[in-house]
Amino acid sequence: EEIRIDDKRRLKVLHTPGHSKGHISLYDRRDRAIYIGDAVLWKYIPASDGRPALPPSYLYPDEYVSSIRMLMEMRPNRIYTAHFDEMLGDEADRFLQESLQFVSELENVIVEVHKEAGEPLTLKRIIEEVYARYRLWPEEAKWDLAYPVSGHVDLMVSKGLLKAVMRDGVPAWVLN
């Protein structure tokens, strides 16, 4: 769909799930600008001073990756987000590419954590281990890793990479 701004300007509505199932972005063809809100969140969500405040809060890794790739293919001149300053040209490209790399890295870290543990891990333990490897976000934001980590764990279970088990009455996961 398109939203008509005036006789010369329209914004195309893009379905960009990942952060949530129904997330949308808006594309302005005239300026090749994309207004993405929380569709892509890089390696962290910044505080008002620009320092890392929270990890990216996507819940659906496959959909998040698809949305990032779609936006990359559009080759926007400008990206406007809910949390970062305007990004232009190469900076916009890097933001999208680095966001995509983070998703892959996080999944690899979750696999590494399981290989090293050699035992079923609870979500709490996975988050603690992931946080210890990154230490990118403030300590109080550690538990916000529950969003992307649980999304990856669910996806990895659906792909047969992890298996859900019970450990002392608590859900846990082990490499399959």
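In this predicted model, helix α2, covering residues 89-117, is the biggest contributor to the lining of the largest pocket, supplying four residues. The full lining is made up of Trp-42, Phe-84, Asp-85, Glu-86, Met-87, Glu-91, Arg-94, Phe-95 and Glu-98. Sorted by class, five of these lining residues are charged and four are nonpolar, with no polar ones in the mix. As for how much room there is, the space in this pocket comes to about 160 Å³. Rolling a water-sized probe over the atoms is what shows where such empty space is left.

Stepping back to the whole chain, there are ten strands and four helices. Reading from the N terminus, the order of elements is β-β-β-β-β-β-α-β-β-α-α-α-β-β. The C-alpha trace spans about 65 × 35 × 25 Å along its principal axes.

Now for how the helices pack. A pair of packed helices is described by two things, the angle between the axes and the distance between them. Besides its part in the pocket lining, α2 also packs against helix α1 (residues 61-73), at an angle of about 160 degrees and with the two axes 10 Å apart. Since angles over 145 degrees count as roughly antiparallel, α1 and α2 are therefore roughly antiparallel to each other. The crossing of α1 past α2 is left-handed. On the α1 side, the residues in contact are Pro-61, Tyr-64, Val-65, Ile-68, Arg-69, Leu-71 and Met-72, and they meet Leu-96, Gln-97, Ser-99, Leu-100 and Val-103 of α2. By class, this contact between α1 and α2 has nine nonpolar residues, plus two polar and one charged.

The other helix pair to look at is α3 (residues 123-134) with α4 (residues 146-158), whose axes come within 10 Å and cross at roughly 115 degrees. Here the crossing is right-handed. From α3, the contact takes in Leu-123, Ile-126, Ile-127 and Val-130, while α4 brings Ala-146, Val-149, Ser-150 and Val-153. Seven of the residues in this contact of α3 with α4 are nonpolar and one is polar, with no charged residues at all.

Put side by side, the two helix contacts read as follows: α1 with α2 has one charged residue, whereas α3 with α4 has none. The lining of the largest pocket, for its part, has five charged residues.

Notes:
Residues numbered from 1 in each chain as written. Predicted model: local features only at pLDDT ≥ 70, side-chain atom pairs only at ≥ 80, totals over all residues. Heavy atoms only, no water. 1 Å grid on protein atoms, 1.4 Å probe; cavity = no way out; pocket = protein on both sides within 12 Å on 5 of 7 lines; lining within 4 Å. Points joined across faces, edges and corners; volume = space filled by probe spheres on them. Helix = DSSP H or I, 4+ residues; strand = E, 2+ residues; numbered from the N terminus. Nonpolar A, V, L, I, M, F, W, Y, C, P; charged D, E, K, R; others polar. Axes fitted to C-alpha atoms, helices over the stretch in contact; angles between N-to-C directions. Parallel < 35°, antiparallel > 145°, perpendicular 65-115°, else oblique. Left-handed = near helix turned anticlockwise from the far one by under 90°. Contact = heavy atoms within 4.5 Å.
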